[in-house]
Structures are given as C-alpha cells and as structure tokens.
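Here is a set of exercises to work through with the viewer open. Try each task yourself before you read its solution.

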Amino acid sequence: AWACGHRRGSCRTRETNMKALIWPILFLAGFGGVAAMQLVSGDEGTCGEPLLDTAAPEIPPAPSFEARTISGETVRFPDDFRGKTVLLNFWATWCPPCRAKVPDLVKTYNSYQGRGFEVLAVTLDGARRVSQDSVREFATSQNMKWSQVYDEAEAIATKYHVHAIPAAFLVDGDTGQVLAHGHDLHGQRLEDLLGKRLKNLP
C-alpha cells in the first residue's frame, strides 16, 4: 500500500526498516541506478530522496509498456511518442507534494507542448481506491490535458522501481533514453532541460 509523507516532499510505500536498507542495493543491481531511493527508517510518512538525480550515458533505456488510459485509449510507451520528448510522471491525487507540482507542470506543458513536449501520467490512485472518475474530475479541474494511466499503474511503477512519489522521468521518445529523472523534475529545472533540448532539435 502507498503512504503519503509531508516531511521531505514526497510520498512512499510503507516499508520495513530492513527493506529500507536492502532497497538501494537491489535497485542499483536491477536498473543501473536510474533513480535509486534512500528510504529512511522511522514512522510512516518519512520519504526517500534520489541518490542519483542526473542523466548519465550508462543509464539504460526506459522500460517499455502498454496500458490503457482513463479515456479508454491504448498507449504504448515510448513507441507512441516518437519525435517527442516526454515526461513520464508518477503521481496521485491523494499526494500533497504531487498536487503542489501540478500548476508548474501545467504551465510547462502549455508552453512546450507545441514544440515537441508531451506528458504521460501514471496515477497511483487505484492503490487507495480512488476512482478513475475522481482522477478525471481532478485532472479536468486543474487543466491537466495529458493522458493518465490508471489500471496498470502499480505494475509500471514496479517496472521503473518507483517507491516514492512524485517521481518523473524525461525520456527521448525516439530512443527511449532517460534524459533526466527525479522527484524535482518540474518547474524551472524541467523548463531549463526542455529549453536546451528542444533548441537543439531540427
């Protein structure tokens, strides 16, 4: 089950102290250290921070997946985003840090969507039995115009070794290369990355 924490700006799964110690080792072995989290022990609500938060040549391509969105469309990631730079964003409506980042992401999306930027959200609301209709209502109220994956969200999060939200991966839709990642991939940091990347694209 997913739990939400406020102290360090992210929400995470409930983990035992032993899992918190083992997790970074397993993650580094399984996914090349793309977004390893240091889960701290203590009461529920403490959150992990990325040990690695910059793109590097040795980072493997983003794992591919196929899922249905809350609109009923099938999305194949990253194949459906060829020619795009796409933000894969893990979040939930019940996560305060996630909701706090929405206005920045809406602003960035509106500024860069016409220049080759897209967002694909993976909402972990199903883990708290928040309905698709509730997610759709929230997304509409916040002007979140991008697609939302709901049903397969936990499986996708597992594939990406995401144990804390918010978490985001900036991906090249042509190659699947992870360009950047982290819990803070929004606002000015995201806009700086997009500005540099899209400026250099033909």
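The exercises below go from the whole chain to a sheet, then to empty space and backbone geometry.

The model is predicted, so local features need pLDDT of at least 70 and side-chain atom pairs count only at pLDDT 80 or more, while totals for chains, interfaces and linings use all residues. Residues are numbered from 1 along each chain as its sequence is written, and side-chain values use heavy atoms, with hydrogens and water left out.

**Exercise 1. The whole chain**

Task: Find how many helices and strands the protein chain has, and what percentage of its residues count as buried.

Solution:
- Start with the secondary structure: the protein chain has 5 helices and 12 strands. Both are DSSP runs numbered from the N terminus, with helices being H or I of at least four residues and strands E of at least two.
- Next take burial, where buried means under 20% relative accessible area, exposed over 50% and partly exposed in between, with a 1.4 Å probe and protein chains only. Of the 202 residues, 51% count as buried.
- Finish with contacts, meaning heavy atoms within 4.5 Å. Among contacts with a separation of 6 or more, 71% are between residues 24 or more positions apart.

**Exercise 2. The open sheet**

Task: Work out the strand order of the open sheet with 5 strands, and say which strands stand at its edges.

Solution:
- Two strands pair if DSSP finds at least two bridges between them. The order is S9-S8-S7-S11-S12, with mixed pairing.
- Strand S9 (147-149) and strand S12 (178-182) each have a single partner strand, so one side of each is left without a neighbour in the sheet.
- Neighbouring strands are turned by 20° against each other on average, direction ignored. Axes here are lines fitted to C-alpha atoms, for helices over the stretch in contact, and angles run from 0 to 180 degrees between N-to-C directions.
- Now go through the pairs: S7 and S8 run parallel, joined by 7 bridges, and Asn 89 stands opposite Ala 121 in S8. On S7 (residues 85-91) there is also an antiparallel pairing with S11 (residues 167-172) over 6 bridges, where Val 86 has Val 171 as its bridge partner.
- Add helix H2 (residues 96-112), which packs on the sheet and touches S7 and strand S8 (117-123); its direction makes about 155° with that of S8.

**Exercise 3. Burial in two strands**

Task: Decide which residues of S8 point one way and which the other, and whether Val 178 is buried or exposed.

Solution:
- In a regular strand the side chains alternate between the two faces of the sheet.
- In S8, Phe 117, Val 119, Ala 121 and Thr 123 point one way, and Glu 118, Leu 120 and Val 122 the other. The count of buried residues in S8 is 7 of 7.
- Val 178 lies in strand S12 and is buried, with a relative accessible area of 0%. Its C-alpha atom is separated by 9.8 Å from that of Pro 63, 115 residues apart along the chain.

**Exercise 4. The largest cavity**

Task: Locate the largest cavity, and name the element that gives the most to its lining.

Solution:
- On a 1 Å grid over the protein atoms alone, a cavity is a set of points where a 1.4 Å probe fits but cannot get out, and lining residues have an atom within 4 Å of a point.
- The search finds 2 cavities of 30 Å³ or more, and the largest holds about 130 Å³ of space. Such a volume is the space filled by probe spheres set on the points, which are joined across faces, edges and corners.
- Of its 15 lining residues, the closest to the centre are Asn 89, Lys 101, Leu 105, Pro 166 and His 186.
- S7, H2 and S11 are the elements that give two or more residues to the lining, and H2 gives the most, with 4 residues.

**Exercise 5. Backbone geometry**

Task: Say where the cis peptide bonds before Pro 78 and Pro 166 lie, and where Asn 143 is found.

Solution:
- Most residues other than glycine have a negative phi, and most peptide bonds are trans.
- Phe 77 and Pro 78 are joined by a cis bond with omega about 0°; Pro 78 is in the loop between strand S6 (74-77) and S7.
- From Ile 165 to Pro 166 the bond is cis, with omega near 5°; Pro 166 is in the loop between strand S10 (164-165) and S11.
- Asn 143 has a positive phi near 65°, lies in the loop between H3 and S9, and is partly exposed at 36% relative accessible area.

How values were computed. On a 1 Å grid over the protein atoms alone, a cavity is a set of points where a 1.4 Å probe fits but cannot get out, and a pocket is an open set with protein on both sides within 12 Å along at least five of seven lines; lining residues have an atom within 4 Å of a point.
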